[in-house]
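Trainee: Let us go through the labels for this structure one at a time. I want the reasoning behind each.

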Amino acid sequence: MKASNMLIMLGMAAILGAGGCATTSGPVDDKALADERLTQEVERRLEEDPVTSPFSFGVFVRDGVVIMEGAISSSYVRSRAIGIARATPGVQNVLDKLAPW
């Protein structure tokens, strides 16, 4: 085999091999990142609100749906926390798993 043909084949093998190893961000990664950002934003808003800041909330987001857990002292705190989550841009829905003390 001629040296020039060998170099061409080696170059093609390197290109094809490198293409198989490349990783790209796909829709699943983008959704997970968006959910993480939503989680952080809802938590930040709850911490900054004078009514909800004294309470500890579990905030979980999956596909834009916020799941809120924790113990709260009144229906007013519940309404306020759920309202804050619903008002956060990007939130599709809120599942209330808050419980009274």
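Trainee: Why is Glu43 called partly exposed?
Mentor: This is a predicted model, and in it Glu43 has a relative accessibility of 30%. Buried means under 20% and exposed means over 50%. Glu43 falls between those cut-offs, so it counts as partly exposed.

Trainee: Where does Glu43 lie?
Mentor: In helix H2. Glu43 and Phe57 are 14 residues apart in sequence, yet their C-alpha atoms are 7.9 Å apart in space.

Trainee: What makes Asp63 partly exposed?
Mentor: The reasoning is the same kind. Its relative accessible area is 46%. That value lies between the 20% and 50% cut-offs, so Asp63 is partly exposed.

Trainee: What stands out in the backbone of Asp63?
Mentor: Its phi is near 55°, a positive value in a residue other than glycine. Most residues other than glycine have a negative phi. Asp63 sits in the loop between S1 and S2.

Trainee: What makes S1 and S3 edge strands?
Mentor: Start with the order. Three strands form an open sheet, S1-S2-S3, with mixed pairing. Strand S1 (58-62) and strand S3 (93-100) each have a single partner strand, so one side of each is left without a neighbour in the sheet. On average, neighbouring strands here are turned by 15° against each other, direction ignored.

Trainee: How do you know that S2 and S3 pair?
Mentor: Count the bridges. Pairing takes at least two. Strand S2 (residues 65-72) and S3 have eight, in the parallel sense. The pairing criterion is therefore met. Val66 has Val94 in S3 as its bridge partner, and Ala71 stands opposite Ala99 in S3.

Trainee: Which helices pack on these strands?
Mentor: Helix H2 (residues 27-48) packs on the sheet and touches S1 and S2. Its direction makes about 150° with that of S1. Helix H3 (residues 75-86) lies across S2 and S3, and runs at about 155° to S3.

Trainee: Why is the unit of S2, H3 and S3 called right-handed?
Mentor: The test is the path from the first strand over the helix to the second, with the strands pointing away from the viewer. Clockwise means right-handed. S2, H3 and S3 make a right-handed β-α-β unit, so by that definition their path runs clockwise.

Trainee: How do you know that the length of H3 is close to the expected one?
Mentor: H3 has twelve residues and reaches 16 Å from its first C-alpha to its last. The span expected at 1.5 Å a residue is 16 Å. The two are close.

Trainee: What makes one face of H3 the buried one?
Mentor: List the residues under 20% relative accessible area. In H3 they are Val77, Ala81, Ile82, Ile84 and Ala85. Seen down the axis of H3, they fall within an arc of 155°, so they line one face of the helix. An α-helix has 3.6 residues a turn, so residues three or four places apart point the same way.

Trainee: What do the two sides of H3 carry or meet?
Mentor: The buried residues of H3 pack against H2, S2 and S3. The face turned away from the buried side carries the exposed residues Ser75 and Arg86.

Trainee: What pattern does the protein follow along the sequence?
Mentor: α-α-β-β-α-β. That fits the count of three helices and three strands. Of its 101 residues, 25% count as buried.

Notes: Residues numbered from 1 in each chain as written. Predicted model: local features only at pLDDT ≥ 70, side-chain atom pairs only at ≥ 80, totals over all residues. Heavy atoms only, no water. Helix = DSSP H or I, 4+ residues; strand = E, 2+ residues; numbered from the N terminus. Axes fitted to C-alpha atoms, helices over the stretch in contact; angles between N-to-C directions. Contact = heavy atoms within 4.5 Å. Buried < 20%, exposed > 50% of the residue type's maximum accessible area, 1.4 Å probe, protein only. Expected span 1.5 Å × (residues − 1). Arc of directions from axis to C-beta.
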